[in-house]
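Colleague: Could we go through this model together, so that I learn how to read its features one by one? I would like to begin with the ligands.

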Amino acid sequence: MTELLTRAMAAPYQLTHEERVGLLGLEETSELFSAAYQVKLHYIGKKVSLRGLIELGNFCAKDCFYCGIRKSNDEVKRYRLLADDVLRMAQWSFEHGYGSIVLQSGEIESEENTAFIESVLHQLHERFGDRLGITLCLGEQTEEVYRRWLEAGAHRYLLRLETSSSELYARLHPQDHLFKRRKACIQTLRRLGYQTGSGVMIGLPGQTLENLSQDIECFRELDLDMIGMGPYLPHHGTPLGKGVTLSAEESDKLLKLALKMIAVTRLYLHDVNIASTTALQALADNGREQGLLAGANVIMPNVTDTEYRKHYQLYENKPCMDENSTQCRSCLHARVLSVGEDILWGERGDSKHFFSKDKV
Ligand code: SAM
Ligand code: SF4
C-alpha cells in the first residue's frame, strides 16, 4: 500500500485500473487521503479557490431521470434572472474577493438564450476585464454557440459526463439524450480553448467501482483541466429518486466513496483543479472540508439571491437554502480555516494543468 501510494505521488498516471479499483474499495482511508493531500499541497499549497455560483435560471429542455429541475417536474416554479441581477451578483462576488464566478442553468438551446448569455458576458467583461474568472455551466450547445460565448469573454466551461459508461448513461436519461453528443461537446470545448471541466455523479444506481475507475481514466483521456464530481442524491420529483431516502449508514458510505473518488483522481491526475462540491455538504455538515483534506482545492459558494435558491433544487436537502451570500461567505471562511487551509482571495485560481500542457 505505502509503495503504491509513493509511486502514485511521484508522478501522474501511475495507477493501473486494478489499483484504482482497490483504492476506491478501501475501508481504511487515512493513508490514501493523506497521500492525495500531499499531491494537492505540492501543486497548489494550502490554498482554496472560490467561484461564486450564480444559478441563472431553472428552465430546462431536458429530462434527466435524476435531476430535480428536469422539464417534467411540474412542482418546480420556473424563474430566469435578469441581466442586471446577474451583474449585481457578479459585482458582489468581485467585491467580496471571489476571483471567479460560475454561471449555471438548465439547458436551453435557442438564439434568444445564446444572445442573452453573450450580452451578459460582454457586460461582465466590460466591467471586470480579466480580473474576474468566468466559468459557464449551461449544458450541451453547438460549436458555434460555444465559440460565441468564448469570444464574448467566458474562458472556462463545465460539462459533466455524468458517467463514462455509455450503458449506464442510457439508463439515466431519455433516449434522445445522447452520450456521444455529451462527450463530443467536451472535446469541442477543449479544442476551442476553454479551460475544460467535467466529472461524474458518484453512487448512481448500478454504478460499480470499475465504472468509477474508468471515469478517472476518461478524465485523463479527455485531458480535463477541472474536475467537478459529487454524490448522486435522490429527489422525490424524479423517476430515479421517487420514494428513495438514504439511511444514515448509506449516507456515510456514499460520502466516503465520494471522498475516495476525489483522492484517487488527485493521485492520478495531479495538477488539475478539483471541486469540493456542495452535494458533499448535503451528506455531512463538514463534507466540503473533508473534500479539501482528500485533495480538492475549489469551492463554489452560492451567491444567488436567497429567494431563488428554493427553486433550484437538483436534489433534496440542498444546504445553505436560507442563508444569504454574506452569511455563506463568513461561514465558509471559518470552515476553510478550521482545516488549516486559507482562501485565495481575489485570484482567479486557473487550472495549473491548462497552462502546463502542449496546446493542440
Ligand atoms: N444543465 C446543465 C447540465 O446538465 O450540464 C448544467 C446544470 S446541471 C443542474 C449541473 C449538474 O447537476 C449535472 O451535471 C448533474 O451532475 C448535477 N445533478 C443533477 N441532479 C443531481 C442529483 N440528483 N444529485 C447530484 N447531482 C445532480
Ligand atoms: Fe436539465 Fe442539467 Fe438537470 Fe439534466 S442535469 S435536467 S440538463 S438541469
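Colleague: How many residues surround ligand 1, and which are the closest?

Modeller: Bear in mind that this is a predicted model. A residue belongs to the surroundings of a ligand if one of its heavy atoms lies within 4 Å of it, and here 19 residues surround ligand 1, the closest being Tyr 66, Arg 160, Glu 162, Arg 182 and Leu 233. By class, that shell divides into eleven nonpolar, four polar and four charged residues.

Colleague: Which atoms of Tyr 66, Arg 160 and Leu 314 lie at polar-contact distance from ligand 1?

Modeller: A polar contact pairs N or O atoms within 3.5 Å, and it pays to separate backbone from side chain. From the backbone, an N or O atom of Tyr 66 lies 3.0 Å from a nitrogen atom of ligand 1, and a backbone N or O atom of Leu 314 lies 3.4 Å from a nitrogen atom of the ligand. Arg 160 instead offers a polar side-chain atom, 2.8 Å from an oxygen atom of ligand 1. The protein buries 93% of the 550 Å² that ligand 1 exposes when taken alone.

Colleague: Which residues surround ligand 2?

Modeller: The shell of ligand 2 consists of Cys 60, Lys 62, Cys 64, Tyr 66, Cys 67, Ile 69, Arg 70 and Gly 106, and by class these are five nonpolar, one polar and two charged residues. Tyr 66 thus appears here as well as among the closest residues to ligand 1.

Colleague: Turning to the strands, which way do the residues of S5 point, and are they buried or exposed?

Modeller: For a strand, one asks which residues share a side and then which strands pair with it. In S5 (residues 195–198), Gln 195 and Gly 197 point one way, Thr 196 and Ser 198 point the other way, and all are buried. Strand S4 (residues 156–158) runs parallel to S5 and is joined to it by three bridges, with Thr 196 as the bridge partner of Tyr 157. S5 also pairs in the parallel sense with S7 (residues 226–227), over two bridges, where Ile 227 is the bridge partner of Ser 198.

Colleague: Why does Glu 19 count as buried?

Modeller: The cut-off for buried is under 20% relative accessible area, and Glu 19 counts as buried because its relative accessibility is 18%. Glu 19 lies in helix H2 (residues 17–24), where its side chain makes a polar contact of 2.8 Å with the side chain of Arg 7 and reaches the backbone nitrogen of Thr 16 at 2.9 Å. Leaving aside residues up to four places away in sequence, Glu 19 touches Leu 4, Arg 7 and Gln 14.

Conventions. Residues are numbered from 1 along each chain as its sequence is written. Chains are lettered from A and ligands numbered from 1 in the order in which they are written. This is a predicted model: local features need pLDDT of at least 70, side-chain atom pairs count only at pLDDT 80 or more; totals for chains, interfaces and linings use all residues. Side-chain values use heavy atoms; hydrogens and water are left out. Buried means under 20% relative accessible area, exposed over 50%, partly exposed in between (1.4 Å probe, protein chains only). Helices (H or I, at least four residues) and strands (E, at least two) are DSSP runs, numbered from the N terminus. Two strands pair if DSSP finds at least two bridges between them. A polar contact is a pair of N or O atoms within 3.5 Å; within protein, one must be able to donate a hydrogen and the other to accept it, and residues adjacent in sequence count only if both atoms are side-chain atoms. Accessible areas come from the Shrake-Rupley method with a 1.4 Å probe; for residues, only the protein chains shown count as cover. Ala, Val, Leu, Ile, Met, Phe, Trp, Tyr, Cys and Pro count as nonpolar, Asp, Glu, Lys and Arg as charged, and the others, Gly among them, as polar. Contact means heavy atoms within 4.5 Å.
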